[in-house]
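Please look through the structure shown below, and then follow the report from its interior to its surface.

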Amino acid sequence: MNLKDLELTIYRDPATPELDEQELCRYVEGTTSINTITKESILERVDEAKVDVFSKRFAESRVRDIEEKNEGFEPNFGEKRFEKRLIEDSSKDVKGVLYDAKKLEKIYLLLLNEQERSKNHLPFVLTNRLIGTFGEDNRYHARVSLYGFPMILSSTGLVEAPAKPKQFYRKKRSNSLKTKEEIKEETEGDFIDYGENRITKAMKGYLLQGIFHYLSKGFFCENNGCRFYNAHWQQELINAQINKPEFCNKHKKEIKEIKKRFSD
Ligand SMILES: [Zn+2]
């Protein structure tokens, strides 16, 4: 495959209006020169005759018990109906459900057409479903991203996966009437919240990590100020993805090389 034929697609998530796919698209093109386009939500692809089949598949990909690997179960009527509504209206918000990321990946793959499944296509599905992977410690961990085929980027994951400052949870329990803003101020710990436009800014780093994964470049970075840093706390996420500088020297150089490769 000639790398120059690589085309990247970002599939919009209507349920996360604050996640601006156009800005992500411009960012990828500006930073890497990879030919990038945006497309409508991947859920729009579900054929009307197959809504029930897909509702069942989505319901089956739920995590019912965080300490038990989802090896398959028969979803109940309510779970299937819930998924059906989400397929019929992709702008509906999905909070409070965790999905097995690898099972979702298989469903999204079914929704790509032949051309989109080719080796020189790099698909990124944006979703507000919370995704998780089963870890060696025998439990699910929420994630921002799954670097598979297609790649999955979860806006809810940005808010929920990296842990908030410890005081946040204590304050939250004792002061249920306070707003998150007030709690943020009192805990002196910043974190990314639903509806913030920092979600788009932070997601840029996860797109780049996905691109590096595709190009088989090692992508995690030791430098906590770099977009390739593997953040486990909200403060680390903000430091790596929002605060300047964007990259460590090594990644700055590697990105430059990629840009040169794709623009020559
Ligand atoms: Zn770095």
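Leaving aside the neighbours within four places in sequence, L207 is in contact with L24, V28, F124 and L153. In this predicted model, L207 is also among the residues with the most contacts inside the largest nonpolar core, together with F124, V125, I152, L153 and M203. That core has 56 residues, and the element that gives the most to it is helix 8 (residues 198-214), with eight residues. F124 and L153 thus appear twice, once as contacts of L207 and once in the list of residues with the most contacts inside the core.

Helix 4 (residues 101-110) offers another view of buried residues, which here are A101, L104 and Y108. Where do these buried residues lie when helix 4 is seen down its axis? They fall within an arc of 60 degrees, and therefore they line one face of the helix. The buried residues of helix 4 pack against several strands, namely strand 3 (98-100), strand 4 (121-127), strand 5 (130-134), strand 6 (140-143), strand 7 (145-146) and strand 8 (151-154).

A contact between two helices can be described in a similar way. The axes of helix 2 (residues 51-60) and helix 3 (residues 77-88) come within 8 Å and cross at roughly 115 degrees, and the crossing in which helix 2 passes helix 3 is right-handed. On the side of helix 2 the contact is made by V51, F54, S55, K56, F58 and A59, while helix 3 contributes E79, K80, E83, K84 and I87. Sorted by class, the residues of this contact are five nonpolar, one polar and five charged.

The loop between strand 2 (35-39) and helix 2 holds D47, and R45 has its place in the loop between strand 2 and helix 2 as well. Are these two residues buried or exposed? D47 is exposed, because 9 other C-beta atoms lie within 10 Å and a residue counts as exposed with 12 or fewer. R45 is partly exposed, because its 18 other C-beta atoms within 10 Å fall between that limit and the 20 or more that a buried residue needs.

The table pairs each of these loop residues with a residue further along the sequence, giving separations from C-alpha to C-alpha.

| Pair | Apart in sequence | Apart in space, C-alpha to C-alpha |
|---|---|---|
| D47 and N120 | 73 residues | 26 Å |
| R45 and L112 | 67 residues | 8.2 Å |

Definitions and conventions
Residues numbered from 1 in each chain as written. Predicted model: local features only at pLDDT ≥ 70, side-chain atom pairs only at ≥ 80, totals over all residues. Axes fitted to C-alpha atoms, helices over the stretch in contact; angles between N-to-C directions. Helix = DSSP H or I, 4+ residues; strand = E, 2+ residues; numbered from the N terminus. Left-handed = near helix turned anticlockwise from the far one by under 90°. Contact = placed C-beta atoms within 7 Å. Nonpolar A, V, L, I, M, F, W, Y, C, P; charged D, E, K, R; others polar. Core = buried A, V, L, I, M, F, W, Y, C linked by C-beta atoms within 7 Å. Arc of directions from axis to C-beta.
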